[in-house]
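Colleague: Could you take a close look at one part of this model for me, starting with who sits opposite whom and working outwards from there? I'd be glad of the cut-offs along the way.

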Amino acid sequence: MSVSDTPSRSAAEYGLPDDEIVAEIPVYLTQKLDKQLHLLQYPQKDGSITPGELQPREARIKPIHGQIELDIPLDVQSPMYNKERGAELGAGISDSGRLLDITTLVSVGIPQNSEYLAGVMRDGELHLTAIKKAIQLRPSLRYLDRVAEKNLAVKRMDYSDDEEEVKKDAKTQSVQVTVRSAQAEEALRQQQSSIAYMQQKLEEEPWSELAYFDVGTEESSAMHADLVAENKEDLISKTSPDEYLTAVIGSIEPDVM
C-alpha cells in the first residue's frame, strides 16, 4: 500500500510503458462493515436507479438465512393502473377489498463468481470494504397463490355436491411406475428431505423489521462514514510481484515441448 508521502516513481519502475504517472492513490482496507454490507441487484430494472425510486413501504429480513423482502408501493392513481384487475389481485394480500398497491421483492442468493468491493474516495485516498453477500431482488408472486387458493375454496363450496364424483375421478388417475435402485431411492429421499428441511427452517424463522434509509439521509451519511478506514497502518506484502501474478493467473513459465 502506498502512502501520501511516497515519492513519485517512473512508469518503467512498475514495468509499464513510459507514460507519465500523474498520481499515486493510497488504498486502505477496512472491515468495519464487511459483515453488514449486501450487494442488491435488480435484474428486472433497466438502467440506473435514482434516489427514492425504490423506496420501500416496508422492509424485513430473516437474519439467520439472510432473506430480504421489500414492499415497493405501486401508483394506483396512474392511468396505466388497471383498478379492476388490481381489486381482483388485492385479494391475495388482504381480505378487506384492498387494491394490489405494492409489489414485494424477495431476495434470491446468487453464486458469487466475482469479488465485490465498496469503495470511497476521501481526501485523495481510496478506502475499500469487501462485500461478502450478493443477492438479486425479484418480484414475489405469492399473492397469486393466495388468490388461487381463495378461488378454489369458493369452487369447493359451490360444488360440494360433486365431491364424491371428484374423489372417484382422482382414484382413476393413471399411475406411472418408475423403477429405481435402492441406492438411487435413498439418495433421492435424502435430497428431498434436505431441501424440505431447509425450506421448513426458512419458513419457520420469523421476520425482523428493517429501517430503510435512502441516499442523502443523515443515517445513510453516517454509515457512509464507516466505510472510511480509521487505522492507516501500512500493509506489508509477503509475496513478490512474480509470486502474486502466479497465484492469480497460474504459472508464467512457458510450456516446454
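Modeller: Happy to! H38 stands opposite K133 in β8, and that pair is a good place to begin. This is a predicted model, in which local features need pLDDT of at least 70, side-chain atom pairs count only at pLDDT 80 or more, and totals for chains, interfaces and linings use all residues. Residues are numbered from 1 along each chain as its sequence is written, and side-chain values use heavy atoms, with hydrogens and water left out.

Strand β2 (residues 38-41) and strand β8 (residues 133-139) run parallel and are joined by 4 bridges. Strands here are DSSP runs of E with at least two residues, helices are runs of H or I with at least four residues, and both are numbered from the N terminus. Two strands pair if DSSP finds at least two bridges between them. β8 also has β5 as a partner: 5 bridges join them, and these two strands run antiparallel. Within that pairing, V108 has Q136 of β8 as its bridge partner.

Moving along to β7, we reach an open sheet of 3 strands in the order β1-β7-β6, with mixed pairing. Its edge strands, β1 (27-29) and β6 (116-122), each pair on one side only. From one strand to the next the twist averages 30 degrees; axes are lines fitted to C-alpha atoms (for helices, over the stretch in contact), and angles run from 0 to 180 degrees between N-to-C directions. β1 runs parallel to strand β7 (residues 125-131), with 3 bridges between them, and L29 has L128 of β7 as its bridge partner.

L126 is also in strand β7. At a relative accessible area of 23%, L126 is partly exposed; the classes are buried under 20%, exposed over 50% and partly exposed in between, using a 1.4 Å probe and protein chains only. Setting aside neighbours within four places in sequence, L126 is in contact with I25, P26, V27, Y28, G119, V120 and M121, where contact means heavy atoms within 4.5 Å. The C-alpha atoms of L126 and A229 are 9.4 Å apart, although their positions lie 103 residues apart along the chain.

Now for the charged side chains. A salt bridge is a side-chain nitrogen of Lys or Arg within 4 Å of a carboxyl oxygen of Asp or Glu, and by this rule the count comes to 13. R142 and E69 form one of them, at 2.7 Å from N to O. R142 lies in helix α2 (residues 142-158) and E69 in strand β4 (residues 67-73), so this pair ties together parts that are 73 residues apart in sequence. E69 is buried, at 1% relative accessible area, whereas R142 is partly exposed, at 36%. Both belong to a network of salt bridges that links E58, R60, E69, D71 and R142.

Helix α2 takes part in another salt bridge, between the side chains of K150 and D95, at 2.3 Å from N to O. Since K150 lies in helix α2 and D95 in the loop between α1 (83-90) and β5 (102-109), the pair ties together parts that are 55 residues apart in sequence. K150 is partly exposed at 30%, and D95 is exposed at 70%. A further salt bridge joins E53 to K45, with the closest N and O atoms 3.0 Å apart. Here E53 is partly exposed at 34%, and K45 is partly exposed too, at 28%.

On the surface, I195, Y197 and M198 make a nonpolar patch of about 330 Å². M198 is found in helix α4 (residues 182-204). Patches are made of residues with over 30% relative accessible area and no salt bridge, like charges being joined within 9 Å and nonpolar side chains (Val, Leu, Ile, Met, Phe, Trp, Tyr) within 5 Å.

To set all this in its wider frame, the protein has 6 helices and 9 strands, and 21% of its 257 residues count as buried. Residues 24 or more positions apart account for 68% of the contacts with a separation of 6 or more. The accessible surface comes to about 19900 Å², with 53% of that belonging to carbon and sulfur atoms; areas come from the Shrake-Rupley method with a 1.4 Å probe, and for residues only the protein chains shown count as cover.
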